[in-house]
Amino acid sequence: MGGDFAPSEAIKGIEEYLAETANAAHVVLIGDEEKISPLLTEHSLSPQSYTVIHAPQVIDMHEHPTKALKEKRQSSIAIGFGALASEKIDAFISAGNTGAMLVGALYSLKTIEGVLRPTISTIIPKENDGTGLLLDVGLNSDCKPEQLNQFAIMGSVYAQNILGVENPRVGLINIGEEEGKGNLLAQAAYPLLKENKHINFVGNVEGRDVFIDRADVIVCDGFTGNIILKLAESLFEITQRKNIQHEYLDRFNFENYGGTPVLGVDKPVIIGHGISKSKAFKNMILLAQKMIEKDIMQKLQAELES
């Protein structure tokens, strides 16, 4: 029920997913049954392909996440996390209240053993047609050096298994390439990343390096990462308004990637953009399915333990 175009675009996305995927997963729809049922009939979805769990309440975008989750126990987000925690579903996606999704992930699920803080990432379309990963992009505004070191490990596992990058190069966002540059966080994180034998650390990367083939995984605190993410989104929006067409700029369309996973919790949680339409919902389901099939959570845990 989350997002500006819910639930119709979610149903359309499920229809596209089922039509285009040979080994489609069983989809569990959590929301207001009275609003969902007519749409399921309209789009002629096979009853064998889905299950509906009634959730009469909705957490609106403006509501305080923690308060809303406590007070709206029958919301689609609250029931969804309950189902995920009790293993009635294997992954959970939503384009609803981002704060509620993050709070639900952090407090309804277990963190992977050894994880200091979960993180969220975003896909970076690179100039050479490659794809990179930037993390954190908003979950952890303030970070410690040890957390950036773990983000690098988790990002490398994700890039290798989901993005298909064989030996991901890890870069640290900074204001210069030389070791010793930057604020206290960057200066303290650099030696940890340099000594980490579980990653392929290539040093500092500057803002001008983000979209070129300088690194495959770029780590930073969530404050910095969110600014980069929102700047990239605004550039795409400007090119759309001005009708500037280029295949590279089209790769900044968030719907191509669906949503961002919460890395560090023990089950797949995918958070979508509030303005997600059918393509984004389809790609969120595909991403969740791929994370399950690739055993991403188990691989993250194994890498962190070693």
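Two strands are taken to pair if DSSP finds at least two bridges between them. In this predicted model, strand β6, formed by residues 169-173, is joined by 3 bridges to strand β8, formed by residues 217-219, and the two run parallel. Within this pairing, Val-170 has Val-217 of β8 as its bridge partner. Strand β6 is also joined to strand β7, residues 200-205, by 5 bridges, and these two strands again run parallel, with Leu-172 standing opposite Asn-204 of β7. Between β6 and β7 the description can be extended to a helix, since β6, helix α7 (residues 184-195) and β7 together make a right-handed β-α-β unit. Strand β6 is mostly covered, with 4 of its 5 residues buried.

Helix α5, which spans residues 98-108, has Ala-100, Met-101, Leu-102, Val-103, Gly-104 and Ala-105 as its buried residues. The elements that cover these buried residues include the helices α3 and α4 together with the strands β3, β4, β9 and β10. At the N-terminal end of α5 the helix is capped by Asn-97, a side-chain oxygen of which lies 3.0 Å from the backbone nitrogen of Gly-99.

The largest pocket of the model holds about 920 Å³ of space, and its lining is made up of 47 residues, of which Ser-121, Thr-122, Gly-259, Thr-260 and Ile-271 lie nearest the centre. The elements that give two or more residues to this lining are α5, β4, β5, α8, β9, β10 and α10. Among these contributors, helix α8 provides the largest share, with 8 residues. Besides this pocket, the count comes to 1 cavity of 30 Å³ or more. The largest cavity has a volume of about 30 Å³, and the residues that line it are Met-1, Gly-2, Val-58, Ile-59, Ser-76 and Ile-77.

Val-58 and Ile-59, which belong to the lining of the largest cavity, are also among the residues touched by Lys-72, a set that further includes Gln-57, Asp-60, Glu-63 and Ala-78 when residues up to four places away in sequence are not counted. Lys-72 itself is placed in the loop between α3 (65-71) and α4 (76-85). The side chains of Lys-72 and Glu-63 are joined by a polar contact of 2.7 Å.

A further loop residue, Phe-252, is found between α9 (247-250) and β9 (259-263). Phe-252 counts as buried because its relative accessibility is 15%, where the cut-off for a buried residue is under 20%. Once neighbours within four places in sequence are left aside, Phe-252 is in contact with Pro-125, Phe-211, Ala-232 and Phe-236. The last of these contacts, Phe-236, is 16 residues from Phe-252 in sequence, and the two C-alpha atoms are 6.0 Å apart in space.

Glu-305 offers a contrasting case, found in helix α11, which covers residues 296-305. Glu-305 is classed as exposed because its relative accessible area is 52%, the cut-off for an exposed residue being over 50%. Although Glu-305 and Val-115 are 190 residues apart along the chain, their C-alpha atoms are separated by 9.6 Å.

How values were computed: Residues are numbered from 1 along each chain as its sequence is written. This is a predicted model: local features need pLDDT of at least 70, side-chain atom pairs count only at pLDDT 80 or more; totals for chains, interfaces and linings use all residues. Side-chain values use heavy atoms; hydrogens and water are left out. Buried means under 20% relative accessible area, exposed over 50%, partly exposed in between (1.4 Å probe, protein chains only). A crossover is right-handed if, with the strands pointing away from the viewer, the path from the first strand over the helix to the second runs clockwise. A polar contact is a pair of N or O atoms within 3.5 Å; within protein, one must be able to donate a hydrogen and the other to accept it, and residues adjacent in sequence count only if both atoms are side-chain atoms. Contact means heavy atoms within 4.5 Å. On a 1 Å grid over the protein atoms alone, a cavity is a set of points where a 1.4 Å probe fits but cannot get out, and a pocket is an open set with protein on both sides within 12 Å along at least five of seven lines; lining residues have an atom within 4 Å of a point. Grid points are joined across faces, edges and corners, and a volume is the space filled by probe spheres set on the points.
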